[in-house]
There are 2 protein chains.
Amino acid sequence: MNAVPSQNIITAAILVIGDEILSGRTKDKNIGYIAEYLTAIGIDLKEVRVVSDDEAAIVEALNALRHKYTYVFTTGGIGPTHDDITADCVAKAFGVSIDVDPRALAIMQERMAKMGTEMNEARLRMTRIPKGADLVHNKVSGAPGFWIGNVIVMAGVPSIMQGMLDEAAKKLKTGTKMLSDSIRADAREGDVGTELGEVAKAHPDVSIGSYPFFDDKLGPNTNIVIRARDQQKLNEAKAAVEDMLARVKKQLAQAGAR
Amino acid sequence: MNAVPSQNIITAAILVIGDEILSGRTKDKNIGYIAEYLTAIGIDLKEVRVVSDDEAAIVEALNALRHKYTYVFTTGGIGPTHDDITADCVAKAFGVSIDVDPRALAIMQERMAKMGTEMNEARLRMTRIPKGADLVHNKVSGAPGFWIGNVIVMAGVPSIMQGMLDEAAKKLKTGTKMLSDSIRADAREGDVGTELGEVAKAHPDVSIGSYPFFDDKLGPNTNIVIRARDQQKLNEAKAAVEDMLARVKKQLAQAGAR
């Protein structure tokens, strides 16, 4: 991406925490949602990791990711039960203490009063926030996420995570948005692959992806996705792909007619 | 898991390769499928990573994962286009050469003849297999995956990946299966969390997970999932959870009635 100065590129990783995803019992719905969300606001998602509810695994992944990308978004493990160890692991990764946070406690107490439920040891667990973190408000169920350094810690339940992401997004630095356009090739990947590679090579500031799919009418087909931060470069690459497709499909038709 | 000797534990990681997943354009369907599949045959999925179509990122992730787990399953990036770089990256990670493989070529030529399409440079790309790898047959669309060392390289298209996983599974070592059972608590996580943690502590050979969900009738509710490799230990833990739930719910009802 020579066209855009590097300070306009904001990167991110997602760290999904939870045995239930790795056992296959729960199918993750957060990765795709966050990926689409970040792309839309101009943040490049570069990596995702899923790890189990294991302290060493969480701390190691978190430290690897937070030193590599502008932001790390975690999901899962901030509930009231013994297997919710994310907040403690984040504190450990940052080398800070963790304790009941007066702001989180006030939110939970207000909510408990409203719901007519009592504060207990389990619910108090959800008010433990690493020292130095800001809260990420949770309009859905009260118990907040938090933001420390470049790490944003969110719930695993999709509706709650989505609300927290909206809250966090207000304060995220964003970069020049990645623009994209796609072309339905109406051709097989194997028929256009070499020529598509030549177009890609001729447009180094543009990323061209090729995604096969099965079309019920035409059989094997291909979506070609063109991505760039510069609209003109995107348009030029798109025109080049369309010219190439027309040329190759004409050649194939002639070869078939012989 | 003190009850089971460690040689019966077989571990795995998934490495998903593809910009389209990280941009959110394509929603991954393979992680959940493979997770469930591996759990069912007695392999513990311990980690998942998603990386972009970038050589350095793929090689680094592959080397990290293959030295850590019994198996690594990769999905994506083995098609005929310029952005399909997985096979080359795997060769690089293993420090072996990569070239057209006569077995893969024979498969592709037979398929091309049957389909009435011609072999070309793009399709030839799909016959490039790292030296020393075994093929993983692809009954859906011909172009094979491969297996080198402890790494199984599969397609990204779910139907093709699923066929390849069936093929690979015939030769996978499997461990003592993880058994699981779940209990619908009909209670809020925050109401039973502390007591559940005590049950978990009392049953160290069993993994107890707590997963909140929203019940349309009852409101906030909880699924408790118990996992163990030993049926008797699983049963004992399940009974302990059920006893605890009955006790806590009775207390809550009495408190409410006061």
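The following exercises, each with a worked solution, concern a predicted model of two chains, A and B.

Local features here require pLDDT of at least 70 and side-chain atom pairs count only at pLDDT 80 or more, while totals for chains, interfaces and linings use all residues. Residues are numbered from 1 along each chain as its sequence is written, and chains are lettered from A, with ligands numbered from 1, in the order in which they are written.

**Exercise 1. Packing of H2 and H7 in chain A**

Task: Determine how helix H2 of chain A packs against helix H7 of chain A, and which residues meet.

Solution.
Step 1. Helices (H or I, at least four residues) and strands (E, at least two) are DSSP runs, numbered from the N terminus. H2(A) covers residues 30–41 and H7(A) covers residues 158–169.
Step 2. Axes are lines fitted to C-alpha atoms, for helices over the stretch in contact, and angles run from 0 to 180 degrees between N-to-C directions. The angle between H2(A) and H7(A) is about 20 degrees, and their axes lie 11 Å apart.
Step 3. H2(A) is therefore roughly parallel to H7(A); angles under 35 degrees count as roughly parallel, over 145 as roughly antiparallel, 65 to 115 as roughly perpendicular and the rest as oblique.
Step 4. The crossing of H2(A) with H7(A) is right-handed. A crossing is right-handed if the near helix is turned clockwise from the far one by less than a right angle, and left-handed if anticlockwise.
Step 5. Residues are in contact if their C-beta atoms, placed from the backbone, lie within 7 Å. H2(A) contributes Asn30(A), Tyr33(A), Ile34(A), Tyr37(A) and Ile41(A), which meet Pro158(A), Met161(A), Gln162(A), Leu165(A) and Ala169(A) of H7(A).
Step 6. The residues of this contact comprise eight nonpolar, two polar and no charged. Here Ala, Val, Leu, Ile, Met, Phe, Trp, Tyr, Cys and Pro count as nonpolar, Asp, Glu, Lys and Arg as charged, and the others, Gly among them, as polar.

**Exercise 2. The contact between the chains**

Task: Describe the side of chain B that touches chain A, and the strand pairing of E2(A) with E2(B).

Solution.
Step 1. In the contact, 47 residues of chain B touch 47 residues of chain A.
Step 2. On the side of chain B, the elements giving two or more residues are helix H1 (19–22), helix H2 (30–41), strand E2 (44–51), helix H6 (121–125), helix H8 (189–202) and E10.
Step 3. The residues on that side divide into 16 nonpolar, 17 polar and 14 charged.
Step 4. Two strands pair if DSSP finds at least two bridges between them. E2(A), residues 44–51, and E2(B) are antiparallel, paired over five bridges. Within this pairing, Val48(A) is opposite Val50(B).

**Exercise 3. Strand E3 of chain B**

Task: Establish whether E3(B) is buried or exposed, and identify its partner strands.

Solution.
Step 1. A residue is buried if 20 or more other C-beta atoms lie within 10 Å of its own, exposed if 12 or fewer, and partly exposed in between, with C-beta atoms placed from the backbone.
Step 2. Five of the five residues of E3(B), residues 71–75, are buried, so the strand is largely enclosed by the rest of the structure.
Step 3. Tyr71(B), Phe73(B) and Thr75(B) point one way, whereas Val72(B) and Thr74(B) point the other way.
Step 4. Strand E1 of chain B (residues 11–17) pairs with E3(B) in the parallel sense over five bridges, and Leu15(B) stands opposite Thr74(B).
Step 5. Strand E8 of chain B (residues 151–154) also pairs with E3(B) in the parallel sense, over four bridges. Thr75(B) has Met154(B) as its bridge partner in E8(B).

**Exercise 4. Strand E11 of chain B**

Task: Trace the pairing of E11(B) with E9(B) and with E10(B).

Solution.
Step 1. E11(B), residues 219–228, runs antiparallel to E9(B), residues 179–184, and six bridges join them. Arg184(B) is placed opposite Asn223(B).
Step 2. E10(B), residues 207–215, pairs with E11(B) in the antiparallel sense over nine bridges, with Phe213(B) opposite Asn221(B).
Step 3. E10(B) and E11(B) form a hairpin, with three residues between them.

**Exercise 5. Positive phi values**

Task: Locate Asp186(A) and Gly95(B) and state their phi values.

Solution.
Step 1. Asp186(A) has phi near 50 degrees, a positive value in a residue other than glycine.
Step 2. Asp186(A) lies in the loop between strand E9 (179–184) and helix H8 (189–202) of chain A, and counts as partly exposed because it has 13 C-beta neighbours inside 10 Å.
Step 3. Gly95(B), just after H4(B), takes a positive phi of about 65 degrees. H4(B) itself, residues 86–94, is mostly covered, with seven of its nine residues buried.

Notes: Two residues are in contact if their C-beta atoms, placed from the backbone, lie within 7 Å.
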